[in-house]
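Work through the exercises below with the model open. Try each task before reading its solution.

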Amino acid sequence: MTLTNPRPHIAVLGGGLQGCCIALALAERRARVTLYDRNDALMTQAAVVNEGRMHLGYIYAADTSLATARMMIRGGLAFAPFIERYVGLSPGELAPSQPTTYVVHRDSQRPVGELEGYLRAVHGLLQEAAAGRQDAYFGVDLRPAPRPWSVAERERVFDRSLALAAFDTPEVAIDPFALATAVRERVKATPAIETRLQRTVRTVEDEAGALRVVSDGPEGAARDRYDHVVNALWAGRLAIDATRALRPTRPWMHRFKYGIRFRQPSARPLPTVAIMLGPFGDLVAYGQGMAYLNWYPTCLDGISHAVSPPDWSQIPAPSRRARVVAETLKAMAEIILPLRDLEATSLAECTVQGGVIVAWGHTDIDDPGSELHRRYEIGVTSNGRYHSVDPGKLTMTPYFAGVCADRIIAP
């Protein structure tokens, strides 16, 4: 349902990146927006505890239909232009990493030849999608095809027994902390957006041609009327959808995973690396000196198939934190040689935080047939004045913000 009311009032549930982007897009369309979040600040959960990878589809080689790659390319090409338009950040201010090297692990779920063919197929899709807007992806030149490293190149950076192949790609990551700071400031500076923090939304009810958001918080319970409601919650989205009779017809998972941030050493620059294909890890070296590290078997802390997942603690206990850092660094240093110069107990500015990952499926990524390897059945689901947004990946949030805003208020 597209509004013709020149000044509609719209509730956006969830103050993560998806909710903030939708709020900014609606505000530009002259809507009054009320943005709800249960935390005491915006952008403090999943949006800032991931690696910030701006996916172009290269990691989804288990989806041989290329549907996930097509979806990720759509989001990847939309991200920087949206953030520059609505937040005012240029690509360089997002501290993009160096382009990602994809490494094929000895225990990969797909052989090297198959993965190389997949990377080249994705490159072809990328060339088609980026035609006429080659600078849309953070100013990165998208024309060069993924380049296989020579044996000599590979052995200077990776363990020869574990890294069977390595490929240059144009894919980058951005520092989610830099993005979160800028988004918070822009939302605060936008008069059309009212932010209601420390409010937990309980349900959304029908109300005479409109909707009511029922919430509670330190100031007590409230029932507020809106022309439209957008559910941009992350871990809580399915529970609120259920109050609108939007119940999943397929299995889903909430996974809780830790990530490690630290200051890069000045002595030896770190590469940006993604290891494929399976439950491995990532190393991201951002453009302003920070780095991100994870190793999936160690950093995964919980899985839930409940509509509302457990209230996992974002900050691990000291003993768990020490084990996450030590075991992750050990496992990744076995593959990536520059990490062998680092000591787990002396990483500068080191923090460990966890966040929830929501996806369709019932088995984890160690299963080659898991739905986690396919992320294209995502997007905006609308039922009258109620809209539920599943971005799937951080990459997709600005793209779906535009889709959602256009659906409510025609541009």
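**Exercise 1.** Which residues line the largest cavity? Then sort them by class.

Solution. Bear in mind that this model is predicted.
- Step 1: Find the lining. From the first part of the chain numbering to the last, read off Arg250, Val358, Ala359, Trp360, Glu371, Arg374, Arg375, Tyr376, Glu377, Ile378, Asp390 and Gly392.
- Step 2: Look for the main contributor. Strand S16 (residues 351–360) gives the most to this lining, with 3 residues.
- Step 3: Sort by class. The lining of the largest cavity has 5 nonpolar, 1 polar and 6 charged residues.
- Step 4: Add the volume. The largest cavity holds about 100 Å³.

**Exercise 2.** What is the volume of the second largest cavity, and which strands each supply at least two residues of its lining?

Solution.
- Step 1: The second largest cavity has about 50 Å³ of space.
- Step 2: Its lining includes Gly259, Ile260, Arg261, Thr351, Val352 and Gln353.
- Step 3: Strand S11 (252–263) and S16 each supply at least two lining residues.
- Step 4: By class, the second largest cavity is lined by 6 nonpolar, 3 polar and 1 charged residues.

**Exercise 3.** At roughly what angle do the axes of helix H1 (residues 17–28) and helix H9 (residues 397–408) cross?

Solution.
- Step 1: The axes come within 8 Å and cross at roughly 45°.
- Step 2: H1 is therefore oblique to H9.
- Step 3: The crossing of H1 and H9 is right-handed.
- Step 4: Contact residues include Cys21 and Ile22 of H1, and Phe400 and Cys404 of H9.
- Step 5: The contact of H1 with H9 has 11 nonpolar, 2 polar and no charged residues.

Definitions and conventions: Residues numbered from 1 in each chain as written. Predicted model: local features only at pLDDT ≥ 70, side-chain atom pairs only at ≥ 80, totals over all residues. Heavy atoms only, no water. Axes fitted to C-alpha atoms, helices over the stretch in contact; angles between N-to-C directions. Helix = DSSP H or I, 4+ residues; strand = E, 2+ residues; numbered from the N terminus. Parallel < 35°, antiparallel > 145°, perpendicular 65-115°, else oblique. Left-handed = near helix turned anticlockwise from the far one by under 90°. Contact = heavy atoms within 4.5 Å. Nonpolar A, V, L, I, M, F, W, Y, C, P; charged D, E, K, R; others polar. 1 Å grid on protein atoms, 1.4 Å probe; cavity = no way out; pocket = protein on both sides within 12 Å on 5 of 7 lines; lining within 4 Å. Points joined across faces, edges and corners; volume = space filled by probe spheres on them.
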